[in-house]
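Okay, thanks everyone, let me get the model up on the screen. I'll just walk through it piece by piece, so stop me whenever you like.

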Amino acid sequence: MHEPQGGLLFDLMLAIPFLLIILLYIGAGFVSDRSPHLQKWPYWRYVLWSIGVLCAGIAVIGPLADQARIDFRAHMVGHLLLGMLAPLLLVLAAPMTLLLRTLPVSAAKKMTLLLRSSYVRVISHPVTASILNIGGLWVLYTTDLYHMMHNSLGVHVLVHLHVFLAGYLFTMSMIYIDPVAHRYSYLCRSIVFIFALAAHGILSKYLYASPPEGVSVNQAETGSMIMYYGGDAIDAVLIFILCLQWYQSAQPNKRLAAHP
């Protein structure tokens, strides 16, 4: 594997896009708040978005990212930040809702048509999202891709991009925070979620016993436990939100049953 490389100036340059993403979100919120017909955008969503972007940035820029090239434990911490925690926080910040509030009516209609397209329907299906997310991790850690990403900048960037996008897609397919044109039942999402959790847990146990070539036993064991328990902690939040949404959706039905 390559030794950590890059200096402070290089890291600062890479941090600029992440800072711009935060500022764009805040700016969109201020633009949205100018409309007299819309409620003020909640401040806690700004906080979630900012922390989510920072989590993603920490995973790919700076000391943790440098250490992840040579230390499997640091790599797993980065994996949790980039592929699980950052997507969860960003989904909860409801960026698509904010975008639709900010865009002109004509542009918002075009975006709505895109969200209703057959492509989005396939890619946002819970099964598809799970395969891209968990399946991608199996490919990463059970093939030569793990070593390739540390020896090729292009592969390194593509792998990290996939981990983030697949994590975001999986999260938004499990909990509906933004408007969703193609909605799937809570039962369907829960069943898929259970299989995804099992596949993620099995992979972490597999890596504990059979780490990628070149990863020491000590790093493999610690890194696998970080993946297993850290993933469970983030997934517990997802489960809570999914169950809460399911419970809240059932309340109107209960009131109707009580007053026929």
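Let's start with His 200: setting aside neighbours within four places in sequence, His 200 is in contact with His 79, Met 84, Ile 134, Leu 137, Met 227 and Gly 231. I should say right away that this is a predicted model. His 200 sits in helix α11, which covers residues 186-209. Is His 200 buried or exposed? Its relative accessibility is 6%, so it counts as buried, the cut-off being under 20%.

Now step back one residue. Ala 199 is in helix α11 too, but here the relative accessibility is 22%, so Ala 199 counts as partly exposed. Which residues does Ala 199 touch, leaving out the ones within four places in sequence? Those are Ile 134 and Trp 138. You'll remember Ile 134 from the list for His 200. There's also Gly 135: it is 64 residues away from Ala 199 along the chain, and their C-alpha atoms are separated by 8.5 Å.

One more step back gives Ala 198, again in helix α11. This one is at 37% relative accessibility, which counts as partly exposed. From Ala 198 to Gly 167 you go 31 residues in sequence and 16 Å in space, C-alpha to C-alpha.

Okay, across to the partner helix. Ile 134 and Leu 137, both on the contact list of His 200, are among the buried residues of α8. The others buried there are Pro 126, Ala 129, Ser 130, Asn 133, Leu 140 and Tyr 141. Helix α8 runs over residues 126-142, 17 residues in total, and it reaches 23 Å from first C-alpha to last, close to the 24 Å expected. If you're wondering about the spacing in that buried list, an α-helix has 3.6 residues a turn, so residues three or four places apart point the same way.

Next, the core. The largest nonpolar core has 54 residues, and the ones touching the most other members are Tyr 25, Phe 72, Leu 88, Tyr 141, Tyr 146, Ile 175 and Leu 207. Which helix gives the largest share of this core? That's α4, residues 72-92, with 13 residues. As background, nonpolar side chains tend to be buried together in soluble globular proteins.

Zoom in on Tyr 25 for a second. Beyond four places in sequence, Tyr 25 touches Trp 41, Arg 45, Tyr 46, Trp 49, Ala 93, Pro 95 and Leu 98. Arg 45, Tyr 46 and Trp 49 from that list are also among the buried residues of α2.

So, helix α2. It covers residues 43-60, and its 18 residues should span 26 Å; the end C-alpha atoms are 27 Å apart, which agrees. Its buried residues pack against α1, α3, α4 and α5. Several of those buried positions are small residues, including Ser 50, Gly 52, Ala 56, Gly 57 and Ala 59. Just after α2, Gly 62 takes a positive phi of about 95°.

Val 60 belongs to α2, and with a relative accessible area of 29% it is partly exposed. Its contacts, leaving aside neighbours within four places, are Phe 18, Ala 65, Leu 82 and His 160. On the long-range side, Val 60 and His 156 are 96 residues apart in sequence but 9.9 Å apart in space, C-alpha to C-alpha.

Staying with phi for a moment: Ala 94 has a positive phi too, near 50°, and it isn't a glycine. Most residues other than glycine have a negative phi. Ala 94 lies in the loop between α4 and α5, and at 2% relative accessibility it counts as buried.

How many salt bridges does a search of the whole structure find? One. Asp 71 pairs with Arg 73, with the closest N and O atoms 2.9 Å apart. Asp 71 counts as buried at 9% relative accessibility, while Arg 73, at 28%, counts as partly exposed.

Last stop, the surface. Leu 9, Met 13, Ile 16, Leu 19, Leu 20 and Leu 23 form a nonpolar patch there, with about 620 Å² of accessible area together. Leu 23 is in helix α1, residues 8-33, and its relative accessible area of 48% makes it partly exposed.

That's my tour, happy to rotate the model for anyone.

Key
Residues are numbered from 1 along each chain as its sequence is written. This is a predicted model: local features need pLDDT of at least 70, side-chain atom pairs count only at pLDDT 80 or more; totals for chains, interfaces and linings use all residues. Side-chain values use heavy atoms; hydrogens and water are left out. A nonpolar core is a set of buried Ala, Val, Leu, Ile, Met, Phe, Trp, Tyr and Cys residues joined through side-chain atoms within 4.5 Å. Buried means under 20% relative accessible area, exposed over 50%, partly exposed in between (1.4 Å probe, protein chains only). Helices (H or I, at least four residues) and strands (E, at least two) are DSSP runs, numbered from the N terminus. Contact means heavy atoms within 4.5 Å. Patches are made of residues with over 30% relative accessible area and no salt bridge: like charges are joined within 9 Å, nonpolar side chains (Val, Leu, Ile, Met, Phe, Trp, Tyr) within 5 Å. Accessible areas come from the Shrake-Rupley method with a 1.4 Å probe; for residues, only the protein chains shown count as cover. A salt bridge is a side-chain nitrogen of Lys or Arg within 4 Å of a carboxyl oxygen of Asp or Glu. The expected span of a helix is 1.5 Å times one less than its number of residues.
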